[in-house]
Amino acid sequence: MPRGRNLQKKMGLKEICLVLLFTAALAAAAGKDRNTKPYKVVCYLGSWANYRTGDAKFLIEHIDPFLCTHLIYGFAKLSNNQIAAYDPYLDLKENWGLGAIERFNNLKQKNPNLSTLIAIGGWNEGSTKYSAMAADPNARKTFVKSVVDFCQKYGFDGLDMDWEYPANRGGAPSDKQNFITLLKELSEAFEPHGLLLSAAVAAGKATMDTAYDIPGMAKYMDFINVMAYDLHGSWEKTTGHNAPLYAREEESENEKLLNVDYAINYWISHGAPRNKLVLGMGLYGRSFTLGNPSNTGLGAPATGPGSAGPMTKEPGMLGYNEICLSVKDGGWQEVFVPKVEAPYAFKGNQWVGYDNKKSIEIKTDYLIKEKLGGGMVWSLETDDFRGKCFGETYPLLATISNKLNGNAVRPPPPTVDPQQPITQPPVRPTVDPGMGFRCTGDGYFRDPSNCSNFYLCVKQPTGDYAKHTYTCGEGLAFDEEIKACNFHDRVKGC
């Protein structure tokens with residue numbers, strides 16, 4: 001203590017202030033990110049998978065919060081130059097909504113080292129309204145304030161800017177610089193609140209050249225998620241892999257630009273710090289319909305997108321959870337391609353290029369070799385999250401997470417005292433043997449005869465109740481304390 005007092009005597013007021021400012025800056029920087037692991041494992045959620053049916057239905061409660069260091073909720077939208085919920089019924093709990101955002105951010109209660117971000121934009125949002133907002137100083141100010149308010153209100157740790165893409169798809173050439181101005185203003189507004197700022201960015205040269213001032217982005221962003229997939233797809237007339245790692249000798253010069261290695265080295269050579277780059281990996285494949293079922297290789301003539309899968313129901317793409325079942329049980333033939341370092345599979349006139357456990361491990365080794373900041377996946381709900389193919393859930397994501405940060409360590413489930421009485425909530429629906437489940441009050445209620453089922457009861461102007469029926473995912477039960485699905489063994493009375 002005396003030594004500290006002597007030091008203060010020797011230091012002037014200016015020096016003391018500088019020390020305090022430096023200490024505060026370090027504290028703010030340290031407070032930005034909850035991650036304590038060596039690498040980032042960034043996981044995007046396509047929230048609309050909530051509306052899928054059967055084994056494809058994906059709820060917040062299916063997320064394993066210990067496999068990811070950063071969870072990103074996709075998507076919010078831009079409305080009147082402000083960030084807004086894309087699907088208020090799904091995203092929010094107001095007006096008897098499903099409250100997915102609150103349940104998403106509550107995952108941090110299970111893993112306190114988890115960071116959550118809200119992504120705004122995406123392919124379907126386009127570029128035009130983002131271009132107009134970024135060009136207008138007043139609109140930018142409105143947007144920035146709305147993002148800070150949104151993150152604070154709903155418990156997000158930051159924003160993922162998924163503008164696809166500046167100066168493209170209806171944008172203006174000035175977007176390239178306006179995007180940097182927007183990032184600068186977001187970063188400055190985020191700093192006092194310790195909020196993170198990231199972006200999902202393109203991997204194609206034409207888009208990278210027109211959309212991004214890479215040194216400017218690197219200056220203001222905490223990390224950059226390179227979408228190193230969708231490099232080929234059914235918009236082309238020949239088969240091509242979704243995410244080839246390297247170029248092949250037989251490719252044309254233009255085709256040799258469409259691979260993971262080229263994209264990552266482009267970002268690095270144009271000014272992106274390696275430790276801020278996060279390698280994006282697709283948990284899905286791009287599919288084609290072959291022009292000739294006997295010509296099944298890369299570069300084979302194709303007549304259009306592959307048939308829609310039973311889960312994703314989107315022509316031209318298949319989730320890995322669909323592909324692995326097809327290869328395992330459906331008679332598809334799989335071929336692993338050198339240089340691409342990933343497989344394709346075919347059956348009849350259907351063809352798909354994708355990543356499996358082997359290729360994901362190779363890509364993870366690649367990012368380690370290149371000293372990148374981590375790996376990213378798009379998106380959680382298309383991995384084999386139910387463990388149908390190999391008896392393990394999330395085989396692709398777990399491969400990335402375990403290789404980068406070691407096997408996930410999960411806390412044991414809380415013990416339940418058998419002597420502790422189980423209390424029931426004061427308001428419950430009643431069961432009418434003739435009518436089934438009958439609502440007698442507003443709110444969410446568990447089915448007394450089946451813990452996995454629950455109901456939303458909403459009083460109508462007539463005085464009657466509208467009843468909406470839901471089912472939790474496999475291994476989950478409705479927890480009336482948190483008004484959401486939870487692991488079965490953690491739900492009282494189940």
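Author: Helices (H or I, at least four residues) and strands (E, at least two) are DSSP runs, numbered from the N terminus. This is a predicted model, in which local features need a pLDDT (the predictor's confidence in each residue, from 0 to 100) of at least 70 and side-chain atom pairs count only at pLDDT 80 or more, while totals for chains, interfaces and linings use all residues. Residues are numbered from 1 along each chain as its sequence is written, and side-chain values use heavy atoms, with hydrogens and water left out.

Reader: Which side chain of opposite charge is nearest to Asp479?

Author: Asp479 lies in strand S21, residues 476-479, and is buried (under 20% relative accessible area, against over 50% for exposed and in between for partly exposed, with a 1.4 Å probe and protein chains only). Lys and Arg count as positive and Asp and Glu as negative, with His and the chain ends not counted. Asp479 has no salt bridge (a side-chain nitrogen of Lys or Arg within 4 Å of a carboxyl oxygen of Asp or Glu), and the nearest side chain of opposite charge, 5.5 Å away, is that of Arg446.

Reader: Is the disulfide of Cys43 and Cys68 left-handed or right-handed?

Author: The sulfur atoms of Cys43 and Cys68 are 2.1 Å apart, which fits the cut-off for a disulfide (a pair of cysteine sulfur atoms within 2.5 Å). The torsion about their S-S bond is about -100 degrees, so this disulfide is left-handed.

Reader: Why does Cys494 count as partly exposed?

Author: Cys494 forms a disulfide with Cys451, and Cys451 counts as buried at 17% relative accessibility. Cys494 counts as partly exposed because its relative accessibility is 30%.
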